[in-house]
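Open the model in a viewer and keep the sequence panel beside it. The stops below give a selection and then what is found there.

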Amino acid sequence: MEGDFVYVLGYPIGLMASSHQSVVVRGGVIASIPRGDGEWKTDLVIDVTVLPGNSGGPAVMRCQQLDSLKGNQNKVIGIVQGYVSFKEMVVSQQTGEPRGVAVNHSGLAVAVPSDGVFDRMEKFYN
């Protein structure tokens, strides 16, 4: 559900020194679970900062079990596809004219749900 805690794991490019090649774990929450039909309406939107190198890594949800003998269990809910960016026009303070477009990281990311990964692969390779 929206608001559930989620982890993403990956090896962000250029973030760590070459001598420290361990997985980087970041935490966030599920921001949105779009509902509806269509190929792109089933992706999860997660509120977690991902960087280049996180794509293809797992998105893992922490599950609380009621049975105390089982303890806490985690579940892979998807694969990180990438971050969501937004664009804004850069305007000259001197002339008031547009000077370009700045692309910024929104802090949101998209994950393909686990049950949709093989469907995407079949569509890509066929």
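Start by selecting Tyr7 in strand E1 together with strand E4: the bridge partner of Tyr7 in E4 is Val60. E1 and E4 run antiparallel and are joined by three bridges. This is a predicted model, so colouring by confidence is worth doing before going further.

**The whole chain**

Colour by pLDDT. The chain has a mean of 80, and 79% of its residues reach 70 or more. Confidence is highest in strand E3, residues 44-47, with a mean of 91. Helix H1, residues 114-125, has the lowest mean, 71.

Switch to a cartoon view. There are six strands and one helix in the chain, and from the N terminus the order is β-β-β-β-β-β-α. With a surface on, the chain exposes about 8700 Å², of which carbon and sulfur atoms supply 54%. Of its 126 residues, 25% count as buried. Among contacts in the chain with a separation of 6 or more, 53% are between residues 24 or more positions apart.

**Strand E1 and its two faces**

Select residues 5-10, which make up strand E1, and show side chains. In a regular strand the side chains alternate between the two faces of the sheet. Which residues of E1 point to the buried face? They are Val6, Val8 and Gly10. Phe5, Tyr7 and Leu9 point to the other face and are not buried.

Now keep Phe5 and Tyr7 on display. A search of the whole structure finds one aromatic pair, and Phe5 and Tyr7 form it, edge-to-face, with 4.9 Å centre to centre and 80 degrees between the planes. Why does neither residue count as buried? The cut-off for buried is under 20% relative accessible area. Phe5 has 29% relative accessibility and so counts as partly exposed; Tyr7, with a relative accessible area of 25%, is also partly exposed.

Add strand E2, residues 24-32. E1 and E2 run antiparallel and are joined by six bridges. To find one of the paired positions, select Leu9, whose bridge partner in E2 is Val25.

**The nonpolar core**

Hide the backbone and select Val6, Val8, Ile30, Ile46, Val50, Ala59 and Ile77. Within the largest nonpolar core, which has 14 residues, these touch the most other members. Strands E1, E3, E4, E5 and E6 each give two or more residues to this core. E4 supplies the largest share, three residues.

Centre on Ile30 next. Leaving out residues up to four places away in sequence, Ile30 touches Met1, Glu2, Gly3, Asp4, Val6, Val45, Ile46, Met61 and Ile77. Two of these contacts, Val6 and Ile46, can be kept selected from the previous view, as can Ile77.

**Gly57, ahead of strand E4**

Move to Gly57, in the loop between E3 and E4. Is Gly57 buried or exposed? Its relative accessible area is 9%, so Gly57 is buried. Outside the residues up to four places away in sequence, Gly57 touches Leu9, Gly78, Ile79 and Val80. Draw a distance from Gly57 to Leu9: their C-alpha atoms are separated by 5.6 Å, although the two residues are 48 apart along the chain.

From here step into strand E4, residues 58-63, and display E5 beside it. E4 and E5 pair in the antiparallel sense over six bridges. Ala59, one of the core residues listed above, stands opposite Gly78 in E5.

**The E5-E6 hairpin**

Finally, select strand E5, residues 73-91, and strand E6, residues 98-113. E5 and E6 run antiparallel, with 12 bridges joining them. Phe86 marks a position in this pairing: its bridge partner in E6 is Asn104.

Follow the strands to the turn of the hairpin, where six residues lie between them. Gly96 takes a positive phi near 75 degrees here. Ser92 is also in the loop between E5 and E6. At 16% relative accessibility, Ser92 falls under the cut-off and therefore counts as buried. Neighbours within four places in sequence aside, Ser92 is in contact with Glu97 and Arg99.

Notes: Residues are numbered from 1 along each chain as its sequence is written. Side-chain values use heavy atoms; hydrogens and water are left out. pLDDT is the predictor's confidence in each residue, from 0 to 100. Helices (H or I, at least four residues) and strands (E, at least two) are DSSP runs, numbered from the N terminus. Rings of Phe, Tyr and Trp (its six-membered ring) pair if their centres lie within 6.5 Å; planes under 30 degrees apart count as stacked, over 60 as edge-to-face and the rest as tilted. Buried means under 20% relative accessible area, exposed over 50%, partly exposed in between (1.4 Å probe, protein chains only). Contact means heavy atoms within 4.5 Å. Accessible areas come from the Shrake-Rupley method with a 1.4 Å probe; for residues, only the protein chains shown count as cover. A nonpolar core is a set of buried Ala, Val, Leu, Ile, Met, Phe, Trp, Tyr and Cys residues joined through side-chain atoms within 4.5 Å. Two strands pair if DSSP finds at least two bridges between them.
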